[in-house]
2 protein chains.
Amino acid sequence: MKLEEAIQTSRFSSEKHKAVLNILYTAWQLKTIISHELKPFGISHEQYNVLRILKGSNPKAMRVKDIGTRLIEKNSNVPRIIDKLVAKKLVKRLPSPDDNRETLIRLTAAGMQLLEASTRLVQPNTIRAIRLSEKESLYLNRLLDGLA
Amino acid sequence: MKLEEAIQTSRFSSEKHKAVLNILYTAWQLKTIISHELKPFGISHEQYNVLRILKGSNPKAMRVKDIGTRLIEKNSNVPRIIDKLVAKKLVKRLPSPDDNRETLIRLTAAGMQLLEASTRLVQPNTIRAIRLSEKESLYLNRLLDGLA
DNA sequence: GATATTTAGATGTAGGTACATATATTAGCA
DNA sequence: TGCTAATATATGTACCTACATCTAAATATC
């Protein structure tokens, strides 16, 4: 749905102002689509993102801190997302041999399995929901890079 | 900051996939900027949006339901945002003469004053943070319209 | 080497989303 | 009319962000 219909307004003070609202609205739509796809797997979008980040270093464990730097939302409270994943036995907390302040996090077999199963569905369904060609996506990325 | 630096990755399965992450990241940046600007005024981004919507119909009161349809995030819990605004005496709940199920919401003088003062700062500072020309914004809007 | 500073992570709190459900009231209709 | 269905709002719960603060441990500085 176009922004105008979605928020029932057609008066924007400038294209720039409209762009701000448009980005916020589109992001909300995307989050909604992704969360909906993840629902059958019993994990939230944020939990999914953490699992994906962990997969990148698997089987090596990652520090909580390094997970945080790779998340899109920089103020995410990583320890608490980890709590939820630990409770579901999808990840494991390990002591760090290098530094006792650190906690290392590693995917469990169950975590890897759930991640792969969910990604097989979520990824293509999300991509399919985006009505943009690769070329248009490239333009969009150029406009967004360094926008803010 | 560009997406690649922000999430420390340069591997995306497609431009389309990158576009999804880029929209989510840019929206997070914008929200952060706006929330930061609003901090001195003691209201959240969501509370600010509700105030702005109410201003559109002021001095006529609005139904809770109609406020909801104009918000960008469609699952926002409007009654609870109203609770916070009522507590700060920025809006008032009124009974509806037409339908006793409805609650009508109206800006108070204090609400109008805070809205105007905050908008004078937030609006230009947010717009200034966006490094896009009007022409680029127009292209961006075309790409985003009906993207999802 | 002892003390101060910094860092990593966990935790507390306020406010938010997403979604299910409760409550009151209105509309629909046999 | 009287009953059912739909509607408007409020409320409960789980999980999230934003941000302050706490604790333990490592690093820096004298």
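Let's start at DNA strand C in this predicted model. There are 28 residues around strand C, and those that come nearest are A:Lys65, A:Pro79, B:Ser44, B:Asn75 and B:Asn100. Both chains also appear when we look at the elements giving two or more residues to this surface: from chain A, helix H2 (15-38), helix H4 (64-70) and helix H5 (78-87), and from chain B, helix H3 (45-57) and helix H5 (78-87). H2(A) gives the most, with four residues. Sorted by class, the surface near DNA strand C has 13 charged, 11 polar and four nonpolar residues.

Now turn to DNA strand D. Around strand D there are 28 residues, with A:Ser44, A:Asn75, A:Ser76, B:Lys65 and B:Pro79 coming nearest. Here chain A gives two or more residues from each of helix H3 (45-57) and H5, while chain B does so from helix H2 (15-38), helix H4 (64-70) and H5. On this surface H2(B) gives the most, again with four residues. The classes near DNA strand D are 13 charged, 11 polar and four nonpolar residues.

Next, follow the H2 helices to the nonpolar core. Nonpolar side chains tend to be buried together in soluble globular proteins. In this model the largest nonpolar core has 38 residues, and the ones with the most contacts inside it are Ile23, Leu24 and Ala27 of chain A and Ile23, Leu24 and Ala27 of chain B. Helix H1 (3-7), H2 and helix H7 (134-144) of chain A each give two or more residues to this core, as do helix H1 (3-7), H2 and helix H7 (134-144) of chain B.

For a close look at one core residue, pick A:Leu24. Leaving aside residues up to four places away in sequence, A:Leu24 touches B:Ala27, B:Leu30 and B:Ile72.

Technical notes:
Residues are numbered from 1 along each chain as its sequence is written. Chains are lettered from A and ligands numbered from 1 in the order in which they are written. This is a predicted model: local features need pLDDT of at least 70, side-chain atom pairs count only at pLDDT 80 or more; totals for chains, interfaces and linings use all residues. A residue is near a molecule or strand if its C-beta atom, placed from the backbone, lies within 6 Å of it. Ala, Val, Leu, Ile, Met, Phe, Trp, Tyr, Cys and Pro count as nonpolar, Asp, Glu, Lys and Arg as charged, and the others, Gly among them, as polar. A nonpolar core is a set of buried Ala, Val, Leu, Ile, Met, Phe, Trp, Tyr and Cys residues joined through C-beta atoms within 7 Å. A residue is buried if 20 or more other C-beta atoms lie within 10 Å of its own, exposed if 12 or fewer, and partly exposed in between; C-beta atoms are placed from the backbone. Two residues are in contact if their C-beta atoms, placed from the backbone, lie within 7 Å.
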